[in-house]
Amino acid sequence: MGFFEGKQVLIAGATGLVGSHLVERFMDMGTVKVVALGRSELKIHRLFEKYHANPRFSIILQDASHPLLKFDTPFDFIINAVGGVSGSEISNSPVNIIESNLISTLNFLNFLRCQNERSIIKGKLIILSSATVYSADIQHNNKVREENTESTNPLDAKNASYSETKRFLEVLGNSYYRQYGVECVAVRPSYIYGYSYFNADTAFYQFIKKAMALNDISIQASLLPRRDNIYIDDLIDGLLCVCEHGVPGEAYNISSNGQLGNFAAINEIAEIIVKAVNECLGSQIKVEYPNGTTDIGGGLLLDNSKLTKLGWELKNDIYSGITKTVDKYLHALNI
């Protein structure tokens with residue numbers, strides 16, 4: 001807490017999974033000034049209604065692709081959690097994905113460049129990059145460190161608009177640091193899961209929705225890769241650690257490294273969701289496999305040793321993380 005005392009933080013993409021949990025964590029600290037940036041007035045007011053009268057909390061209602069205007073007091077940190085993550089959005093609106101990620105980051109870098117010229121406070125930008133900057137081989141288990149970015153997915157891949165933009169954001173941040181001295185650190189989260197007021201259109205949240213409606217979950221695929229999953233609380237701990245200790249110009253994996261059972265395929269996650277709902281509600285829903293047995297392939301493991309050397313540690317195993325997520329959804333529905 002001591003490091004962040006009295007600091008001012010801008011959180012862009014404040015209504016998303018990562019952004020909303022960041023707002024909550026910083027507001028819980030007691031003296032941090034939080035500025036939540038979002039483009040939906042309805043979402044941002046509904047999500048943060050309890051903070052509206054708090055003098056430490058303020059809102060900027062705008063699209064992050066619009067230039068950020070001069071603020072009364074400088075920011076110590078800007079955390080850019082803007083950008084869609086659902087597969088349908090990436091496939092159907094690739095230009096939107098590129099513009100949202102690229103232009104917002106450029107705006108924040110230019111804002112901090114100007115802030116540095118007129119203020120004694122040098123703000124630091126934290127860019128949420130992605131595990132997609134690495135090449136994924138689902139036939140084998142592949143562990144990668146931060147320097148292993150020499151290969152990636154083909155340019156005609158469906159997620160190229162997302163993965164290539166994330167790679168370029170890191171190049172952009174490093175370029176601003178070298179040329180203008182703007183401090184910028186990239187984090188590469190693995191697959192994040194946890195409670196979110198506004199759910200993304202991903203398999204995890206579709207499974208949660210089906211299970212809470214007491215519907216069976218159907219897994220159609222015949223081969224599923226394992227993936228490096230991380231609970232939202234561990235992700236937020238990692239972001240705070242990077243804010244405090246991260247070296248400008250560097251990138252850090254925030255990941256499970258496969259520990260505490262977090263290296264799991266989507267059907268294994270579905271089984272845990274079903275078990276957690278059944279235990280809470282006394283139901284008997286199940287995971288179905290219409291095509292027979294589903295085989296588990298390899299997957300991408302993100303080495304987290306660089307982050308652990310800064311003092312961060314993984315705390316949540318996948319079962320407890322998913323169980324806490326289910327409990328929060330049921331509590332929100334007063335079940």
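Which residues lie nearest the centre of the second largest pocket? Here are some notes, with that answer under point 2.

1. A word on the basis: this is a predicted model, where local features need pLDDT of at least 70, side-chain atom pairs count only at pLDDT 80 or more, and totals for chains, interfaces and linings use all residues. Residues are numbered from 1 along each chain as its sequence is written, and side-chain values use heavy atoms, with hydrogens and water left out.

2. E24, L47, K50, Y195 and Y197 lie nearest the centre of the second largest pocket, which 14 residues line. (A pocket, on a 1 Å grid over the protein atoms alone, is an open set of points where a 1.4 Å probe fits, with protein on both sides within 12 Å along at least five of seven lines; lining residues have an atom within 4 Å of a point.) Helices α1, α2 (41–47) and α10 (318–332) each give two or more residues to this lining; helices are DSSP runs of H or I with at least four residues, strands E runs with at least two.

3. Turning to strand β1 (residues 8–12), five of its five residues are buried, that is, under 20% relative accessible area with a 1.4 Å probe, protein chains only. Q8, L10 and A12 cover one side, V9 and I11 the other.

4. β1 runs parallel to β2 (residues 33–38), joined by five bridges; strands pair if DSSP finds at least two bridges between them. Four bridges link β1 in the parallel sense to β4 (residues 77–80). I11 stands opposite A36 in β2 and opposite I79 in β4.

Methods. Buried < 20%, exposed > 50% of the residue type's maximum accessible area, 1.4 Å probe, protein only.
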